[in-house]
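Student: I would like a close look at how the helices of this protein pack against one another, and at a few of the residues found around them. Could you take me through that part in one connected account?

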Amino acid sequence: LYFKEHIQTIRTIIKRKFLHFSENGDIAFFHESIFLYFRNNLLKQSNRLRKIWKEILKMRDFLRENDAGVAYFHLGEYSKAATCFEDIIKECKSMDNYSASNVKQEYYEYLDIIYELAKINNDIVLQKKTIMYKIYTALHFYAPMTAVNESIQAEALVRNNSQLMRDDMFLYSITELKAHGYLNAGQLKNSEQYFMECLTMSLLHPEKYADASKFDMYDRLAGLYIKYNHFLLAENYNKLSNDLAEKIGDDSLKSLALITRAKLNLYLDPDKAEKALNEAKALEKKETRTYVHIEISNMVQQLPIHMNNPEWIFDAKKRADKYRQLSIENGYSSSIIRSYLVLAALEIIESRYSCDFKKAKQFISCGIDSSIKYGIATYIWEFYNLKFIIASRLHEDAEYILKIVETMKRMLRQQNLFYLGTLDFCYANILVLTNIGKYLTHENEFYQFMSGISFNDGHYNNGCDFNCDNKQCLHVCEGVTDRFKLEFQQLKKN
């Protein structure tokens, strides 16, 4: 509407490739570099900017309320801006625990302005809640390292704000979310370090440390030690998070604690895992982020039980695809990836006799692409494990299979998943490492691989030089390898 009277000028600009029509018919910049050039120049010219914002407000009837709020804010009309952002401000203020909140992605781009409005109005509570809302939105809808970067920026913001610095525990609430981001990114050592910082502060100042942050810390620490295959530590942190959820009386937090309990018992006690998931599902509303996560987890838990039931496989494929589509529509990044993982596994099971793995390969590719797109490293090595299984079944070229194996090894090592804790079999890295170990048939290769694996009472390698022809070798590696094989037999029984 605004450009109607300037249509000839617009045609010339489009011809010269400054602008173009987007897929939905809007006029857009031809390339991001052009947009950035004009944007950066305009930011230096406040008078021109004001003129542009005023022109935009002439189309007030066609603007979304929040976009009008952006224009009013840049024109210095803060009261009108706050009125336009009323829905977001109300949402931020209503958040008491972020762990279980269904934060809205569409609010993300406006949160910096909300924070500035809160600062102008000296509203300390809203400043804090806006900061937390933004980091948590990044955690659930964007790459985990985006959440880490948001946390780092928030820490700098707090340190430069004397009023926010009066609450020293608030800084640790941000640190806890930074640790959460590192955990989702697969950087377990960084995650553990920051969680330990938060844990010590919560022990030194229990009365100051917010219950919501404390719950998230306990729940994530349980998740961390599940990945480290340390059952007792994970179980204890899960009990702490569950007790805190009961104390707060929040069903959503209880649900999260139950989901973590299910993860902990997935391999060791499938019945207990199923019970926890069913209890969690009863506490959640349908089609929320957590509900979808539970439904996908239910399929993962049930899959080994029903892998020889064609009817169940057929129904599970329909359900997994339903939740895949729902996750894509709502931006549930983790569930998008997990749904591809489940679909790929179901296709492999269904085609294990025909060896027609075309669909499985497609889901694996989509899962890997989604993992890269969302920056979530947690599942990517599991996709490569499925790729490895297919390649082995099809007797693919040895060099191709070895590349897959080396990729898995590198990913697991980067995430510190060659460390097996107390060998309690809480996490899938044990299965993947076992697959790799079974593939490495050359003795030197096998022992070199085993030397990188460690657990709580020492390393598999104890000074091994990988020279198996050495007659004076004490065969220390052989003894610990036998122990690993014994542990694997125990795992298979479970």
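Tutor: In this predicted model, buried residues make up 48% of the 494 residues in the protein chain, and its secondary structure comes to 25 helices and four strands. Among the contacts between residues at least 6 apart in sequence, 61% join residues at least 24 apart.

Let us begin with the helix pairs. Two packed helices are described by the angle between their axes and by the distance between those axes. Helix α18, which covers residues 310–330, packs against helix α19, residues 333–350, at an angle of about 160°, and the two axes are 9 Å apart. Because angles over 145 degrees count as roughly antiparallel, α18 is roughly antiparallel to α19. The crossing in which α18 passes α19 is left-handed. On the α18 side the contact is made by W312, I313, A316, K317, A320, D321, R324, S327 and I328, and on the α19 side by S335, I336, S339, Y340, V342, L343, L346, E347, I349 and E350. Sorted by class, this contact of α18 with α19 holds 11 nonpolar, three polar and five charged residues.

The pair formed by helix α16 (residues 270–282) and helix α17 (residues 289–306) also packs at an angle of about 160°, with axes 10 Å apart, which means that α16 is roughly antiparallel to α17. The crossing of α16 and α17 is left-handed. From α16, the residues P270, A273, E274, L277, N278, A280 and K281 meet Y291, I294, E295, S297, N298, Q301 and Q302 of α17. By class, the contact of α16 with α17 is made up of six nonpolar, five polar and three charged residues.

A third pair brings in helix α13 (residues 211–227), whose axis comes within 10 Å of the axis of α11 and crosses it at roughly 25°. Since angles under 35 degrees count as roughly parallel, α11 is roughly parallel to α13. Here, α11 passes α13 in a left-handed crossing. The residues of α11 that take part are S173, E176, L177, H180 and L183, and they meet S213, D216, M217, R220, L224 and K227 in α13. The contact of α11 with α13 has four nonpolar, three polar and four charged residues.

Helix α11, which spans residues 168–184, also contains K178. With a relative accessibility of 6%, K178 counts as buried, because the cut-off for that class is under 20% relative accessible area. Leaving out residues up to four places away in sequence, K178 touches V148, S151, I152, E155 and Y194.

A second lysine to look at is K387, found in helix α21 (residues 380–393). At 28% relative accessibility, K387 counts as partly exposed. Residues up to four places away in sequence again being set aside, K387 touches I364, Y400 and I404. The C-alpha atoms of K387 and A344 are 9.5 Å apart in space, whereas the two residues are 43 residues apart in sequence.

From helices we can turn to a loop residue, Q415, which is found in the loop between α22 (398–414) and α23 (429–439). Q415 is buried, with a relative accessible area of 7%. It touches G186, L188, A377, T378 and W381, not counting residues up to four places away in sequence. One of these partners, G186, is 229 residues apart from Q415 in sequence but 5.3 Å apart in space, C-alpha to C-alpha.

W381, touched by Q415, leads on to the nonpolar interior. The largest nonpolar core has 102 residues, and those with the most contacts inside it are M217, W381, F383, M408, L412, I436 and F449. The largest share of this core, 11 residues, comes from α19. M217 is also among the residues of α13 that meet α11. For F449, when neighbours within four places in sequence are left aside, the contacts are K409, F418, L433, I436, G437 and L440. Apart from this largest core lies another core, of 26 residues, among them F73, A81, M95 and A118.

Definitions and conventions. Residues numbered from 1 in each chain as written. Predicted model: local features only at pLDDT ≥ 70, side-chain atom pairs only at ≥ 80, totals over all residues. Heavy atoms only, no water. Axes fitted to C-alpha atoms, helices over the stretch in contact; angles between N-to-C directions. Helix = DSSP H or I, 4+ residues; strand = E, 2+ residues; numbered from the N terminus. Parallel < 35°, antiparallel > 145°, perpendicular 65-115°, else oblique. Left-handed = near helix turned anticlockwise from the far one by under 90°. Contact = heavy atoms within 4.5 Å. Nonpolar A, V, L, I, M, F, W, Y, C, P; charged D, E, K, R; others polar. Buried < 20%, exposed > 50% of the residue type's maximum accessible area, 1.4 Å probe, protein only. Core = buried A, V, L, I, M, F, W, Y, C linked by side-chain atoms within 4.5 Å.
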